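Please look over the sequence and the model below before reading on. The report then goes through selected parts of the structure under short headings.

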Amino acid sequence: MASKKSKAVPYGAYHKRQIPGHDPELTETSPGTPMGEYMRRHWQPVCMSEQLTDVPKAIRILGEDLVAFRDRSGQVGVLQRHCSHRGASLEFGIIQPKGIRCCLHGWVYDVDGTLLETPVEPETSRLKESICQGAYPAFERDGLVFAYMGPPEDKPVFPEFDTYKRPADNKLVAVSALYPCNWLQVHENVIDHLHVQMLHNPQLMTVDGVNAAFDGSNYAASMGFDERSAVDWETTRNGNGICWVACRRNPDQRTIWVRIVESIFPNYLQIGCTFPSARRERRSRTVWTRWHVPVDDNNSLLIGWRHFNDEVDPDHLGRPQDCGLEKLDFMGGMVGDRTYEEGQRAPGDWEALMSMRPIAIHGLENPGASDKGVYQERKLLREIVRGNTPPDATQQISAEGRDTLHCYTQDSVINIPVEDDKDDIELMRQVGRQVLAIVQEGDSVPSSSREAHIRSRLDELDGGYSPTVQ
């Protein structure tokens with residue numbers, strides 16, 4: 001394979017036939033791997049509540065074959081799939097008033113793996129004292145099933161973010177989509193903010209005649225992502241997260257739309273408003289909470305909640321009825337629900353990411369300036385799995401029960417006009433850094449007054465702003 005430092009050679013495929021291996025440190029998540037063990041120390045959504053019916057659900061998470069079920073008392077269980085007796089799969093088990101019964105010899109396991117019944121054994125059998133089916137702690141929340149797959153003695157409190165319950169009318173709707181590729185390339189796609197103005201730009205990335213028929217093909221234009229932008233990437237939470245800060249001019253040339261989206265490691269993020277109203281408001285609201293959960297090294301789940309409320313979507317463009325299993329309302333191409341030909345004519349995130357190979361080969365990449373955030377994120381993740389990063393102190397807020405957590409994701413319009421004697425891109429970068437610093441101040445303010453505090457500080461920055469319909 002030719003060196004990356006060599007000159008470009010037309011028709012040089014013959015010299016590029018050697019394909020290096022993938023990056024195991026960041027992409028492999030099976031038991032015992034550095035990234036896999038790191039992920040197991042966090043609560044992970046493993047399926048949707050609607051997938052738990054009157055029969056068990058076979059799932060595969062982090063390379064482990066599991067079964068999820070809800071017993072008839074309403075308790076949720078996530079157990080290792082193969083029965084501890086003779087190995088029959090519990091996906092064929094019979095759900096009980098309490099627990100699940102193996103189909104082969106009738107052994108019954110509770111949701112914590114406790115062996116409750118051994119019906120074909122002698123009454124004097126003491127097997128229940130020595131055998132326990134492998135089980136992981138699990139619970140349901142707003143249409144998602146979460147499991148903790150790490151050391152039991154280190155089980156954390158589920159991180160409670162204030163965006164889940166604020167504003168008061170917020171409704172969480174569960175969504176889930178399977179991506180036939182490694183978790184990392186799906187996760188990196190959000191930090192790679194500049195892909196939006198290309199991949200989701202119908203003037204460049206759809207075949208003639210497709211635009212009108214392709215739902216969501218005008219996403220970049222409607223949001224303003226196809227306009228000139230100033231983007232920075234900043235490390236957050238003592239190295240346990242990263243965010244991008246993107247600034248764009250509004251058409252009035254007097255205001256700047258500052259958009260921040262944060263990724264919290266290992267695989268969590270919240271996304272701001274995905275509708276045009278984002279560039280005329282000031283808000284710390286989320287439209288989408290999502291996790292990128294490895295199924296195994298070659299497959300992953302994009303799973304989380306769409307947020308519906310009048311503040312994040314004042315124009316009521318969202319469609320909760322179009323959200324759920326393998327479906328999402330606001331942008332086409334996010335899930336694999338189209339034909340191959342449709343994907344070729346109007347490719348979306350799903351087509352682009354799964355086409356990188358099941359596991360993207362980092363050794364073949366030729367990064368540019370636009371990839372700064374992706375490479376910064378990889379470096380931060382590498383430091384974490386190598387044990388070089390201090391714990392995320394902000395998580396202790398939730399764990400100690402004092403308050404809910406605050407995410408830096410937000411959209412704000414700032415009253416700062418173009419200055420003739422200044423480079424406007426650099427001016428926007430400065431404003432973006434100031435807004436991020438103000439949003440981060442919210443960590444020290446109680447949840448009930450964070451929004452007011454941030455708005456007040458933004459008013460100090462630009463003299464105040466009143467949204468107007470544009």
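## Residues with unusual backbone angles

Arginine 357 has a relative accessibility of 38%, so this residue counts as partly exposed. Arginine 357 sits in the loop between α9 (349–354) and α10. The model is a predicted one, and in it arginine 357 takes a positive phi of about 95° although this residue is not a glycine. Most residues other than glycine have a negative phi, and most peptide bonds are trans.

Glutamate 326 is another residue other than glycine with a positive phi, here near 60°. The loop that holds glutamate 326 runs between β19 (299–308) and α8 (340–345). With a relative accessibility of 30%, glutamate 326 counts as partly exposed, because partly exposed covers the range between 20% and 50%.

## Two cis peptide bonds

Arginine 166 and proline 167 are joined by a cis peptide bond, with omega about 0°. Proline 167 belongs to the loop between β11 and β12 (171–179).

A cis bond also leads from phenylalanine 265 to proline 266, where omega is near 15°. Proline 266 is placed in the loop between β15 and β16 (268–271).

## Helix α10

Helix α10 covers residues 372–385, which makes 14 residues. At 1.5 Å a residue the helix should span 20 Å, and the C-alpha atoms at its ends are 20 Å apart, so the expected and the modelled span agree.

Is α10 largely enclosed by the rest of the structure or largely open? Ten of its 14 residues are buried, so α10 is largely enclosed by the rest of the structure. The buried residues are Gly373, Val374, Gln376, Glu377, Arg378, Leu380, Leu381, Arg382, Ile384 and Val385. These buried residues pack against the helices α1 (24–27), α2 (34–39) and α4 (183–191), and against the strands β13 (229–236), β14 (241–249) and β15 (255–264). Just after α10 comes glycine 387, whose phi is positive at about 80°.

## Two open sheets

One open sheet has four strands in the order β2-β3-β4-β9, and their pairing is antiparallel. Its edge strands are β2 (57–61) and β9 (135–136), each of which pairs on one side only. Five bridges connect β2 with strand β3 (residues 64–70) in the antiparallel sense. In this pair, lysine 57 stands opposite alanine 68 of β3.

Another open sheet of four strands has the order β5-β6-β7-β8, again with antiparallel pairing. Here the edges are β5 (94–95) and β8 (115–117), and each pairs on one side only. Strand β5 is joined to strand β6 (residues 100–101) by two bridges, and the two run antiparallel. Isoleucine 95 has isoleucine 100 in β6 as its bridge partner.

## The hairpin of β10 and β11

Strands β10 (residues 138–141) and β11 (residues 144–147) run antiparallel and are joined by four bridges. Arginine 141 stands opposite leucine 144 in β11. Two residues lie between the strands of this hairpin, and in it aspartate 142 has a positive phi near 50°.

## Cavities

How many cavities of 30 Å³ or more does the structure hold? There are four of them. The second largest cavity contains about 70 Å³ of space.

Which residues line the second largest cavity? They are Asp162, Thr163, Arg166, Ser284, Arg285, His406, Ser447, Arg450, Glu451 and Ile454. Sorted by class, this lining has five charged, four polar and one nonpolar residue. Arg166, one of the lining residues, is also the residue joined to proline 167 by a cis peptide bond.

## Proline 417

Proline 417 is found in the loop between β20 (410–415) and α12 (424–441). Its relative accessibility is 30%, so proline 417 counts as partly exposed. Leaving out residues up to four places away in sequence, proline 417 touches Arg249, Gln253, Arg254 and Leu427.

Proline 417 and alanine 138 are 279 residues apart in sequence. In space, the C-alpha atoms of proline 417 and alanine 138 are 51 Å apart.

Notes: Residues are numbered from 1 along each chain as its sequence is written. This is a predicted model: local features need pLDDT of at least 70, side-chain atom pairs count only at pLDDT 80 or more; totals for chains, interfaces and linings use all residues. Side-chain values use heavy atoms; hydrogens and water are left out. The expected span of a helix is 1.5 Å times one less than its number of residues. Buried means under 20% relative accessible area, exposed over 50%, partly exposed in between (1.4 Å probe, protein chains only). Contact means heavy atoms within 4.5 Å. Two strands pair if DSSP finds at least two bridges between them. On a 1 Å grid over the protein atoms alone, a cavity is a set of points where a 1.4 Å probe fits but cannot get out, and a pocket is an open set with protein on both sides within 12 Å along at least five of seven lines; lining residues have an atom within 4 Å of a point. Grid points are joined across faces, edges and corners, and a volume is the space filled by probe spheres set on the points. Ala, Val, Leu, Ile, Met, Phe, Trp, Tyr, Cys and Pro count as nonpolar, Asp, Glu, Lys and Arg as charged, and the others, Gly among them, as polar.
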